[in-house]
Amino acid sequence: MRIKPKYIAGLLVYIGLLWLAETCLRDFHLRLLIQFGLTAIVATGVNLTNGYTNIFSLGFGGTMLVAGYSAALLTLPVKYKEQFLDLPVWLEQLNAPFPIAMLVAGTLGMLASVVLLLPAFRLRGQYFILASIGINIVMENIAENMRWLTHGNLGIRTIPQYTNIWLVFGILAITVYCLHQLMKSRHGRALQVISKDQELAGVMGINVVRYKVLSFAVGSFISSVGAALWCHQILIINPKAFSLVYVFQLVAMIAIGGTGTLSGPIIGTAILMIGTEFLTPLQEGFSLFGMSVPPVFGAINVFIAVMLVLVMIFRPKGVLNGREIWQ
């Protein structure tokens with residue numbers, strides 16, 4: 001297969017921009033850029049289920065929790081596990097390379113998603129949404145009570161830092177490319193038919209349950225890999241790491257950018273992260289011309305909610321109006 005010159009040129013520009021970012025950006029801004037890439041990976045995975053397949057799930061926070069703890073436990077220093085956790089000997093002494101830990105975490109998150117949500121596939125609409133919310137609550141409570149494994153509400157600290165800009169944006173590029181190829185295939189077309197009308201898809205001979213499982217499996221694997229990268233960037237994980245607030249923010253990013261597109265979640269992530277950074281001083285309080293401005297708690301969540309309402313009124317398909325950025 002011959003690769004078109006424009007794709008080679010685009011790849012070289014992409015690599016050049018990453019090199020410039022790593023070379024020129026200060027530590028804070030570099031970490032912010034990496035955080036953007038991490039969130040875009042997760043949003044892209046969630047969009048496969050919530051956007052392309054149109055199965056609105058809010059349970060990905062629970063499966064990301066499974067993946068995050070899995071990656072952390074596989075890479076933690078042995079001394080930390082001996083001191084703070086009460087693990088089986090084989091897990092206590094295990095110190096896996098990060099690529100293996102990331103793949104294991106993605107696989108476990110994927111399995112957890114399918115196993116936990118498979119019984120709820122018979123539900124539709126608001127009933128399925130409520131069931132998926134329950135997954136988050138259940139997994140959060142399990143993490144709080146399994147202290148021997150998760151250290152309870154104190155969380156796991158001193159996670160090794162393996163996440164970097166090349167790894168994050170390399171995985172993001174591979175994810176976008178693979179999803180692009182998937183949606184061009186017959187499997188992707190089947191997912192889009194299911195998103196329009198499940199009964200029609202069944203009449204056309206599409207195995208709706210199988211494709212729902214496929215959608216959840218692939219989407220959960222991607223978001224779980226993002227969770228593993230997140231933990232090894234933030235260097236801490238606790239039961240509330242991927243709470244309903246985090247879930248709400250991700251759904252808002254996808255809706256603002258545009259569901260059912262590859263570039264929509266990335267654009268939505270960029271919009272909300274930029275807005276969040278501008279509003280952070282307002283939420284924390286600041287001084288202006290010698291005057292002390294008190295903190296406005298919750299300003300960021302209010303901003304996200306207002307943005308979501310405005311987009312739903314004036315651009316129901318997102319800021320890209322249901323199109324890709326390159327169209």
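**Figure 1. A loop residue with a positive phi, Leu235, in a predicted model.** Leu235 lies in the loop between H12 and H13, and the model in which it is seen is a predicted one. The backbone of Leu235 has a positive phi of about 75°, although this residue is not a glycine. Leu235 counts as partly exposed because its relative accessibility is 27%, a value that falls between the 20% under which a residue is called buried and the 50% over which it is called exposed.

**Figure 2. A second positive phi, at Thr158.** Thr158 is placed in the loop between H8 and H9. Like Leu235, which has a positive phi of about 75°, Thr158 is not a glycine and yet has a positive phi, here of about 55°. With a relative accessible area of 47%, Thr158 is partly exposed.

**Figure 3. The salt-bridge network of Glu140, Glu144 and Lys240.** How many salt bridges does the count come to? The count comes to 2, and the residues Glu140, Glu144 and Lys240 are linked by salt bridges into a network. In one of these bridges, the side chains of Glu140 and Lys240 meet at 2.8 Å, taken from N to O. Glu140 belongs to helix H7, while Lys240 sits in the loop between helix H12 (208–234) and helix H13 (244–257), so this pair ties together parts of the chain that are 100 residues apart in sequence. The side chains of Lys240 and Glu144 also meet in a salt bridge, with 3.4 Å from N to O. This pair, too, links distant parts of the chain, since Glu144 is in helix H7 and Lys240 is in the loop between H12 and H13, 96 residues away. Are the two acidic residues of this network buried or exposed? Glu140 is buried, with a relative accessible area of 17%, and Glu144 is likewise buried, with a relative accessible area of 17%; both values are under the 20% that sets the limit for a buried residue.

**Figure 4. Met139 and Asn136, two buried residues of helix H7.** Met139 lies in helix H7, and Asn136 is found in helix H7 as well, which runs over residues 126–145. Met139 has a relative accessible area of 14% and is therefore buried, and Asn136, at 5% relative accessibility, also counts as buried. Which residues does Met139 touch, if those up to four places away in sequence are not counted? Met139 touches Gly62, Leu65, Val66 and Leu116. Although Met139 and Gly62 are 77 residues apart along the chain, their C-alpha atoms are separated by 5.2 Å. For Asn136, when its neighbours within four places in sequence are left aside, the contacts are with Leu58, Gly59, Phe60, Gly61, Gly62, Leu244 and Val247, and Gly62 is thus a residue touched by Asn136 and by Met139.

**Figure 5. Aromatic rings: the pair of Phe98 and Tyr162, and a cluster.** The count of aromatic pairs comes to 6. One of them is formed by Phe98 and Tyr162, whose rings are stacked, with 5.4 Å from centre to centre and 25° between the planes. This pair links distant parts of the chain, 64 residues apart, as Phe98 is in helix H6 (residues 98–117) and Tyr162 is in the loop between helix H8 (147–150) and helix H9 (165–184). Phe98 is buried, at 6% relative accessibility, whereas Tyr162 is partly exposed, with a relative accessible area of 34%. Elsewhere in the model, Trp230, Phe242 and Tyr246 form one aromatic cluster.

**Figure 6. A nonpolar surface patch with residues from helix H1.** Leu11, Val13, Ile15, Leu17, Trp19, Leu20 and Trp166 make a nonpolar surface patch of about 680 Å². Which helix gives the largest share of this patch? Helix H1, which covers residues 5–24, contributes the largest share, with 6 residues. Leu20 is one of the patch residues; it has its place in helix H1, and at 40% relative accessibility Leu20 counts as partly exposed.

**Figure 7. The whole chain as the setting for the close-up views.** The secondary structure of the chain comes to 15 helices and 2 strands. The radius of gyration is 20 Å, which agrees with the value near 20 Å that a compact globule of 327 residues would have. Of these 327 residues, 46% count as buried. Among contacts between residues at least 6 apart in sequence, 76% join residues at least 24 apart.

How values were computed. Residues numbered from 1 in each chain as written. Predicted model: local features only at pLDDT ≥ 70, side-chain atom pairs only at ≥ 80, totals over all residues. Heavy atoms only, no water. Helix = DSSP H or I, 4+ residues; strand = E, 2+ residues; numbered from the N terminus. Buried < 20%, exposed > 50% of the residue type's maximum accessible area, 1.4 Å probe, protein only. Contact = heavy atoms within 4.5 Å. Patch = residues over 30% accessible without salt bridge, like charges linked within 9 Å, V, L, I, M, F, W, Y side chains within 5 Å. Areas by Shrake-Rupley, 256 points an atom, 1.4 Å probe, with all protein chains shown as cover. Salt bridge = Lys/Arg side-chain N within 4 Å of Asp/Glu carboxyl O. Rg over C-alpha atoms; globule rule 2.2 N^0.38 Å. Phe/Tyr/Trp six-rings, centres within 6.5 Å; stacked < 30°, edge-to-face > 60°.
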